[in-house]
Amino acid sequence: MAFKITDDCISCAACESECPNKAISEGDEFFVIAPDKCTECVGFFATQQCAAVCPVDCCVADEEHKETKEQLLAKFAKLNPGKQPK
Ligand code: SF4
């Protein structure tokens, strides 16, 4: 499933540059993750990079965007044509 950023976000921007899919941007109130771009880091890393760097632990799994590993890999392939998943 995609990850999301909760309203605990302090807009420090630490996660934005870490996302391999460029899914994170500054929203109106705090940073946001585009669910159609987040692969939960599947294809790139074993752990979610945004969650790893967030100082207030506000990058969490989004229960409203549940996806299987296969679906995440398909999203990875669509977003990163020609790139092999790690
Ligand atoms: Fe980006 Fe990975 Fe965070 Fe998803 S889990 S928003 S792909 S850094």
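These exercises work through the fold, two residues with positive phi, and the cavities of one predicted model.

Residues are numbered from 1 along each chain as its sequence is written. Local features need pLDDT of at least 70, side-chain atom pairs count only at pLDDT 80 or more, totals for chains, interfaces and linings use all residues, and side-chain values use heavy atoms, with hydrogens and water left out.

**Exercise 1. The fold**

Task: State which elements the chain has, in what order they run, and how its radius of gyration stands to the globule rule.

Solution. Step one: list the elements, where helices (H or I, at least four residues) and strands (E, at least two) are DSSP runs numbered from the N terminus. The chain holds two helices and four strands. Step two: read them from the N terminus, which gives β-β-β-α-β-α. Step three: compare the radius of gyration, taken over C-alpha atoms, with the globule rule, 2.2 Å times the number of residues to the power 0.38. The chain has a radius of 12 Å, close to the 12 Å that the rule gives for 86 residues, so it is as compact as a globular protein of that length. Step four: add the extent, about 35 × 25 × 20 Å for the C-alpha trace along its principal axes.

**Exercise 2. Burial and backbone**

Task: Place Ala2, Ser11 and Cys41 in the chain, and decide for each whether it is buried or partly exposed.

Solution. Step one: fix the terms. Buried means under 20% relative accessible area, exposed over 50%, and partly exposed in between (1.4 Å probe, protein chains only). Of the 86 residues, 35% count as buried.

Step two: take Ala2. Ala2 lies in the segment before strand 1 (3–5). Its relative accessible area is 0%, so Ala2 is buried.

Step three: take Cys41. Cys41 belongs to the loop between strand 3 (31–33) and helix 1 (49–53). Cys41 is buried because its relative accessible area is 7%. Its phi is positive, about 70°, although Cys41 is not a glycine. Ala2 and Cys41 are 39 residues apart in sequence and 9.0 Å apart in space, C-alpha to C-alpha.

Step four: take Ser11. Ser11 sits in the loop between strand 1 and strand 2 (24–26). With 33% relative accessibility, Ser11 counts as partly exposed. Phi of Ser11 is also positive, near 55°.

**Exercise 3. Cavities and ligand**

Task: Count the cavities of 30 Å³ or more, describe their linings, and find which cavity the ligand takes up.

Solution. Step one: define a cavity. On a 1 Å grid over the protein atoms alone, it is a set of points where a 1.4 Å probe fits but cannot get out, and lining residues have an atom within 4 Å of a point. Points are joined across faces, edges and corners, and a volume is the space filled by probe spheres set on them. The count is two.

Step two: sort lining residues by class. Ala, Val, Leu, Ile, Met, Phe, Trp, Tyr, Cys and Pro count as nonpolar, Asp, Glu, Lys and Arg as charged, and the others, Gly among them, as polar.

- Largest cavity: about 90 Å³; 14 lining residues, with Cys19, Pro20, Cys38, Cys41 and Cys50 nearest its centre; nine nonpolar, four polar and one charged.
- Second largest cavity: about 80 Å³; 14 lining residues, with Cys9, Cys12, Cys15, Cys54 and Cys58 nearest its centre; 13 nonpolar, one polar and no charged.

Step three: place the ligand. A molecule sits in a cavity if more than half of its atoms lie within 2 Å of its grid points. The ligand takes the space of the largest cavity. Residues around the ligand (a heavy atom within 4 Å) include Asn21, Glu40 and Cys41. The shell divides into seven nonpolar, three polar and one charged.

Terms used: On a 1 Å grid over the protein atoms alone, a cavity is a set of points where a 1.4 Å probe fits but cannot get out, and a pocket is an open set with protein on both sides within 12 Å along at least five of seven lines; lining residues have an atom within 4 Å of a point.
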